[in-house]
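Morning, everyone. Please have the model open on your screens while I talk.

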Amino acid sequence: MPTGPEHVHCYVVDGTLFDTGLGIGEVAWDSASVERIAITHFHPDHVGGAAAAAAATGAPVFQGGLDYAQCERVWGSSDWPERMAAWFTRHGVPDDAVDDLIEQGHAFAAFIRYALDPNLLYEGSTLAGWDVVELPGHADGHLGFLRDDVLVVGDHLLERISPAVGLYPASRPDPLGDYLASLERTIELAPRIAYPGHGEPIRNPVERARDLIEHHRRRLDETSAALGGRGVSPFEVSLQVFGHDLSPTQRRFAVAETLSHLERLVREGRAARTGDGRTVTYTGA
Ligand SMILES: [Zn+2]
């Protein structure tokens, strides 16, 4: 991949291809004996190569119902970068980081060739012996695939980095609440091993899920500590929680991540959303 973490894993297991990478370069999909293609979530590095993989193999594509709806809403519209920019402006992000977003957004669109009209999957669906599990959080419609204690996990669990959980326009209202519930679900499912989209296989998924719950509990406390009686923008809160020294791209992730924590705090009665209609701010509760 052109950006960090510089690689994404696609897995082929008994004819099922999980995820397809970005839609760049030539991939010899036809040599991999692919009978069906399953997508964990609609982010560019997972769904971007789906149309090319389907064309090369003739295999049908399977994607989550909610995930495909978002995929179309986001990548199927030409004004998404502008809508995203307006959203960040509303949450206090300065113009330079927002301008950069519009430029990058349009450049990225060329690498996202998702497959049209896939077969839709839901909680409880099965696919070639794999049980479909909905694990919302990193993406609203994120799916995991479970078979014989093995979980193909996309970016729901990663070994070394905490998967990004951000609030974005037209997404579910409490992605961190969703994510914490999905981590609890992972602990209940108790897979023996998880295969993620990035990095090494996760040898102890239950322990990793517990660590991530702890991580977000701490971050919720840090976010709460940044609030007082005066309304502050999510951008300002992100400076306190993530520091000042971030690239424009990292800053946008930091603001989206801060927002998911602020909205969780609102639901826990620890913060209030304020603002004047044009901009959004938060206070401590
Ligand atoms: Zn990814």
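I will take the metal site, then a sheet, then the cores and two single residues.

First, the ground rules. This is a predicted model, with local features needing pLDDT of at least 70 and side-chain atom pairs counting only at pLDDT 80 or more, while totals for chains, interfaces and linings use all residues. Residues are numbered from 1 along each chain as its sequence is written, and side-chain values use heavy atoms, leaving out hydrogens and water.

Now the metal. Which residues coordinate the zinc ion? Asp 45 and Asp 155 do so through OD, His 46 and His 198 through NE2, at 2.1 to 2.2 Å. Donors here are N, O and S atoms within 2.8 Å of the metal, or 3.2 Å for Na, K and Ca; water is not among the atoms, so sites may look incomplete. Along the chain the spacing reads D-H-x108-D-x42-H. Asp 45 sits in helix H1 (residues 44-47), and His 198 in the loop between S10 and helix H7 (205-225), so this pair ties together parts 153 residues apart in sequence. Helices are DSSP runs of H or I, at least four residues; strands are runs of E, at least two; both are numbered from the N terminus.

What about the geometry? The four donor atoms subtend angles of 86 to 167°, which makes the arrangement irregular. For four donors, tetrahedral requires all angles between 85 and 135 degrees; four count as square planar and six as octahedral if opposite donors are over 155 degrees apart and all others between 65 and 115; anything else is irregular.

Are these ligands buried or exposed? Asp 45 is buried at 12% relative accessibility, and His 198 is buried at 7%. Buried means under 20% relative accessible area, exposed over 50%, and partly exposed in between, with a 1.4 Å probe and protein chains only.

Next, the sheet. Five strands form an open sheet, in the order S6-S7-S8-S9-S10, with mixed pairing. S6 (126-127) and S10 (193-196) stand at the edges with a single partner strand each, so one side of each lacks a neighbour in the sheet. Strands pair if DSSP finds at least two bridges between them. S6 and S7 run antiparallel, joined by two bridges. Their hairpin has two residues between the strands, and Ala 128 there takes a positive phi near 50°. S7 (residues 130-134) also pairs with S8 (residues 143-147), antiparallel, over four bridges. Look at Asp 131: it is the bridge partner of Thr 126, and it stands opposite Leu 146 in S8. Val 132 faces Phe 145 in S8.

On to the cores. The largest nonpolar core has 62 residues; Leu 227 is one of those with the most contacts inside it. A core is a set of buried Ala, Val, Leu, Ile, Met, Phe, Trp, Tyr and Cys residues joined through side-chain atoms within 4.5 Å. Another core, of 13 residues, lies apart from it and includes Tyr 11 and Ile 193.

Two residues to finish. His 261, in helix H9 (residues 248-267), is buried at 0% relative accessibility. Its side chain makes a 3.1 Å polar contact with that of His 216. A polar contact is a pair of N or O atoms within 3.5 Å; within protein, one must be able to donate a hydrogen and the other to accept it, and residues adjacent in sequence count only if both atoms are side-chain atoms.

Gly 76 lies in the loop between helix H3 (65-75) and helix H4 (80-90). Gly 76 is exposed, at 52%.
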